[in-house]
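Q: Could you take me through the enclosed spaces inside this protein, with a close look at what lines them?

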Amino acid sequence: MEDFYFFSNGEYNDKGDAVEIIGIRGKRIIELATLNIPTAPGFVFPNTVVRELPKETEKQWPILEEPFRRMGQAFGKIFGDTKNPLLVKVLESPMLNLDNTQSIHNVGLCDTTVEGFSSFVGEAFAYHEYNYLLRHIIGLEISANTAGDRLTKLEAFHKALDAAKTKAATVAAIKKFRDAFPEVVYTDAYRQLMYVINLFRAVIETNPTSEDSALLIQTMVYGNFNDKSCSGDFFTHDIITGENVLMGDFFTQAFDASSKGGKPIAKINPPIFKRLVEIGKQLETRFREIRWMRFTVENGELWIIDQKPAANKSTQAEIKSLLDLLAAGIVDEKYVINAIKPGRLSEILHPTLDPRSVAKFPKVTGGIAGSVGAAIGKVYFSTAELLKAYRIATQKNEDADFILAMKSTYAEDVKAIEVAHGVLASEGGYASHAPVVARSLGKVALVYTGIEFKKGSMVIGGQTIKEGDYITLNVPYYEDPAIYGGKGTLMKPTPENSGLIELLELIQKHIGDFDVHANADQPKDAVLAKLFKAQGIGLCRTEHMFFNEDRILKFRSMIIADNVEERQKVLEDLKKDQAKDFYEMFKIMADLPVTIRLLDAPLHEFLPHTKDGYDEFTAYMQKKKKGITAAQIQERCNLLAEVNPMLGHRGVRVAISYPEIYNMQIRAIFEAVYKLKKEGVNAIAEIMIPVVMTASEVKMIRNGKKIEGKTIVGLRDIEESVRKEFGFDEPIHYKVGSMIELPAAALQAGEIAQYAEFFSFGTNDLTQTTNGLSRDDFNNFFSDYNELDLLPQNPFKVLGPQVKEMIKIASERGRLVRPDITLGLCGEHGAEPENIPFAQDARLNYVSCSPYGIPIAKLAIAQLNLSKEA
């Protein structure tokens, strides 16, 4: 092993043993040198050499003399020279990529050299740097476990230097505390250097995080050396938009980029700019990613000081830079696909926060990320108040940015979530109502339990936020969520301009037979799903179609109708709306399957939950039905309340009690399909029955049933009736299937498959019913289970082993009866990359998730397929 490893332009040692012992900072410098990029010369002492260096100056200098001579030659300077001194920086080069490692700049600056240095940079800066050097020497010694009187004295010296803002004040502070260091630290550049090296040795010997660090010594260069000098830093692509241009600033006659008054990098001296562009391309070609660089121009000569990955680049920038590299032939398609973490695609589909805009705002961090992105708006604590504020804002053409904050949300709050930019809840978890709805609508959602709601305000992190105040939600994928008190600013990427569509084109080549469908409830969801190359709609939740402001009151009146005739009358009116929705969905997704889930939610969930909601519904009913009182309406609603609605009167059970509801929906589906058939559009309908327990339920919905005094019309009879109305002889191709979301259905899957041509695993409810967990209450104790390793992951995000077993059982039993059965997974688990390998291994045909989860799931599938090819 050599005593030191020297580097400069094109001169380096990158042999295996050298690279392994020079630390992270050493590696980054060597990476520059290997590309013959202008690198200020220097050298690295490996850890073992630092530990074994003699402590005496007379014995150390012979080792240092050769590299210092070569460093000085590059600049025409001599270390310790009184007229034009060579100065160096000494810094720790750790083996791991650690933050806050130790560094000392301007070593060699002392009483005998400071005046010579000031003749180039000015007296004020020269003494500022002398002050800076001494403060960092003090800090380095303190970090080596200094204690007692010595620590007290060093801290006092540091305080005096920190307060000194002029030459005179710095000189006075040095004079007062001069005995804090040996006299040679102030008078002899060589002995000052040895003192610093010995301090680093002490840190390496006493600090566990530094015990294997190397020591890097490099020539200092100054951007304020003369009028031909400047400093700056830049990224090799725009890290926000991904545009293929340098992004950064430079500072004329400034030491570094911490100075004020920077100018755009494109305005720097043209020859320098041309060279920076060339260097940027060199680094991107070498590392196949966006890089950050810091540079200094001293006396007209360009030097690259440091370079590293651009850790804070946006997902859009990452995608577009990779596509640029692909176009240039530097990387291949497989590299592009594997380079991006699937979860990061969430950022590109939602607004992202500009961190500079909230730097001074009060904030709290933590909580459960329900739907990623960033949202800014005036906060309201009820649907009624938010919608009222929204109407006023739109009428007056004022700011209509809102955030809904409530303990928890219900079906009637969907319309508020739809117009708001985000929703904040204090109860529930990832799979509770607010996050699920937010994900389907592309809104931001956060569950933060530390909120105290009061009348007209909420208290969070000790801060009181009143209704109408601005807050900012930031819910990133890989970092902790945050809530800021104040109005930040957002960056709003669009899929069409982000590189995402081009990336999806590449991904689709590596998808294979197992693909992604969309959970889509509105035509706009279907349009987005088509844009993201969904291969169909795997779940259309028809109950969400009734939450429209023009429909919800009609639907409520149907629920509390006194008799079948009254209910049928309302249903006939609602059918027109449903048929219109289905028509649009089928037309958008022409030639692709659209799975429509018949009404699932318990009926009482559609009824009002607030006083404002009851008042609105009462007024509607009293206009519609003379003589009905508010008390009668309340009583009728109360009769529909359930103790445990999740396991109560919902899904197919509603159709057993009120077959006319499903009949209306089924008729609306076939009317839409046959209308499109007349127009020459191929609509592929898949009708899904939810909350199935037994095969007989599916059989009855499909075939109908007659008993004494009662006839339930079957789905096939409705299809035949609609077909005749439209004048067709041959039926269109459609499928009837079952949602598998109860253990009973999973265990009876063989019998159910006799009447179901497809299964769709509703993993949200299947997780609840298999584990006996409420998704709305689970997070109250999940942290306790997680802390004790009883549940390592949230089962509402990552499928648990018991739920996987249920899916396997149902899949195997279903295939035994119907070998060509189609199997899908339609819970939000489908967008979680960790669940993709299981879904493939279980031989499912697809996963289905919200439109905003489609790119994530597709990327995870492509990466999994590529890993199998390797």
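A: In this predicted model, the largest share of the lining of the largest cavity comes from helix α25, which gives four residues. Helix α25 spans residues 659-678, and the other elements that give two or more residues to this lining are α26 (695-703) and β31 (710-713). The volume of this largest cavity is about 50 Å³, and a search of the whole structure finds two cavities of 30 Å³ or more.

Residue by residue, the lining of the largest cavity is made up of Ala-655, Pro-659, Tyr-662, Asn-663, Ile-666, Met-700, Ile-701, Ile-712, Val-713, Gly-714 and Leu-715. Sorted by class, these residues give nine nonpolar and two polar members, with no charged residue in the lining.

The second largest cavity, for its part, has a volume of about 30 Å³, and the residues that line it are Met-646, Leu-647, Arg-650, Arg-653, Val-691, Glu-741, Leu-742 and Asp-765. Here the division by class is four nonpolar and four charged residues, with no polar ones, whereas the lining of the largest cavity has no charged residues.

Taken together, the picture is of one cavity of about 50 Å³, to whose lining α25, α26 and β31 each give two or more residues, and of a second of about 30 Å³, whose lining includes the charged residues Arg-650, Arg-653, Glu-741 and Asp-765.

Terms used: Residues numbered from 1 in each chain as written. Predicted model: local features only at pLDDT ≥ 70, side-chain atom pairs only at ≥ 80, totals over all residues. Heavy atoms only, no water. 1 Å grid on protein atoms, 1.4 Å probe; cavity = no way out; pocket = protein on both sides within 12 Å on 5 of 7 lines; lining within 4 Å. Points joined across faces, edges and corners; volume = space filled by probe spheres on them. Nonpolar A, V, L, I, M, F, W, Y, C, P; charged D, E, K, R; others polar.
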